[in-house]
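Okay, everyone, let me pull this one up on the screen. I'll walk through the strands, then the helices, then a pocket.

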Amino acid sequence: MTVRLKDFLRRWVLPFVDPRQLASLALLPQYFLEMKRFRGLAQDEAVALSETYPCLSDRLTRTPFDPHYLYQGAWLARRLSATKPQLHVDVGSSVMMLSVLSASVPIAFLDYRPLAVELSGLHCVAGTGTRLPFLDDSIASLSCLHVIEHIGLGRYGDPLDPQGSRQAAGELARVLRPGGRLFLSVPVGRERVCFNAHRVFSPSTIQSFLPELRLETFSLVNDGGQFRDRAAVETAAALEYGCGMFEFVKTRE
C-alpha cells in the first residue's frame, strides 16, 4: 500500500471511526481491576459507579502535541515580545493562544464565528477574512495563523470561493499600516487542495499573494514536527505538510 493511499484512507476513516479509541476497549478489564484496587486503597474517597469516567487512551510515554499549533504560538509570542505593539489585531487564529497573549499585549480578535468570551485584554469582533472591517493602512501589528488556507472551502460555513485564500491575503495587506508587521502561517509543501479541510501552498505562492509586502523572516515546522527559526524559504519545497511562518513588513511609500 502506497503512502498516499494510506493517507487517503486515514483521512476518510478517522473523521468517522477512531481506531485508537476502539483499541482502548481492550483496556476495560484493567480499568475495572484498578477501580476495585483504588476502592480498597481509598480511605476518604468513595467511587460511585454512576460517577465513573473511563479515560483509556492517555497512557503514553510522551506528552502529545500538535507541532504546528505549539510552535506557531511560541513563534508569535516571541515576535510580539520583541516588537511590543500597543495593540495587536488577529484574524481567526487559535483562541487558546490569544487568551494567553492577551495577558501581555492588548488583542483585538476577529473571527467568522465570533468568540463569545469576556476577558481583560481581549476584544472580540465578528467579521470575514475576505472583507475585513478595518480601514486601509490602519493596523501596525497583525496576525493570521493557520487560517487563510481554509477560507472559501466551506468548512466553517463560509461561502465557497476558490479565490478565498488569495482574497484574504489581499485584505491583510490592505489593512496593514506602512511599516507594520504581518505574522502569517499556512501549511506549506506540495501544493494542493485537500477539500474541505485546507489548502497547502508553496512559500512562493504566499509571497505572490502579497507583492507589496517584504518578507522579513521565514520560520518552519517540517514534516518531522521540528521547528526551524529563520529558515531558508527553499527548505519548504520538498515538504508534504509543513507549517510556514512568514513575518512580513509593509514597505513605506
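So, His88 sits in strand 1 (residues 88-91), and its bridge partner in strand 2 (residues 107-111) is Ile107. From strand 1 the chain goes through helix 5 (residues 95-101) and on to strand 2, a β-α-β crossover that is right-handed; that is, with the strands pointing away from you, the path from the first strand over the helix to the second runs clockwise. Strands 1 and 2 pair in the parallel sense, over 4 bridges; to count as paired, two strands need at least two bridges in DSSP. The helices and strands are DSSP runs numbered from the N terminus, H or I of at least four residues for a helix, E of at least two for a strand.

Quick housekeeping: this is a predicted model, with local features needing pLDDT of at least 70 and side-chain atom pairs counted only at pLDDT 80 or more, while totals for chains, interfaces and linings use all residues. Residues are numbered from 1 along each chain as its sequence is written, and side-chain values use heavy atoms, with hydrogens and water left out.

Back to strand 1. Side chains in a regular strand alternate between the two faces of the sheet. Here, His88 and Asp90 point one way, Val89 and Val91 the other, and all are buried (under 20% relative accessible area, 1.4 Å probe, protein chains only). Strand 1 also runs parallel to strand 4 (residues 139-145), with 2 bridges joining them, and Asp90 stands opposite Ser143 there.

Zooming out, 8 strands make an open, mixed sheet in the order 3-2-1-4-5-10-8-9. Strand 3 (122-126) and strand 9 (227-228) are at the edges with a single partner strand each, so one side of each has no neighbour in the sheet. Strand 8 (residues 213-221) and strand 10 (residues 242-250) run antiparallel, joined by 8 bridges; one pairing there is Val221 with Cys243.

Now, helix 6 (residues 164-175) packs on the sheet, touching strands 1, 4, 5, 8 and 10, where contact means heavy atoms within 4.5 Å. Its direction makes about 155° with that of strand 5; axes are lines fitted to C-alpha atoms, for helices over the stretch in contact, and angles run from 0 to 180 degrees between N-to-C directions.

Last stop: which element gives the largest share of the lining of the largest pocket? Helix 1, with 6 residues.

Methods
Buried < 20%, exposed > 50% of the residue type's maximum accessible area, 1.4 Å probe, protein only.
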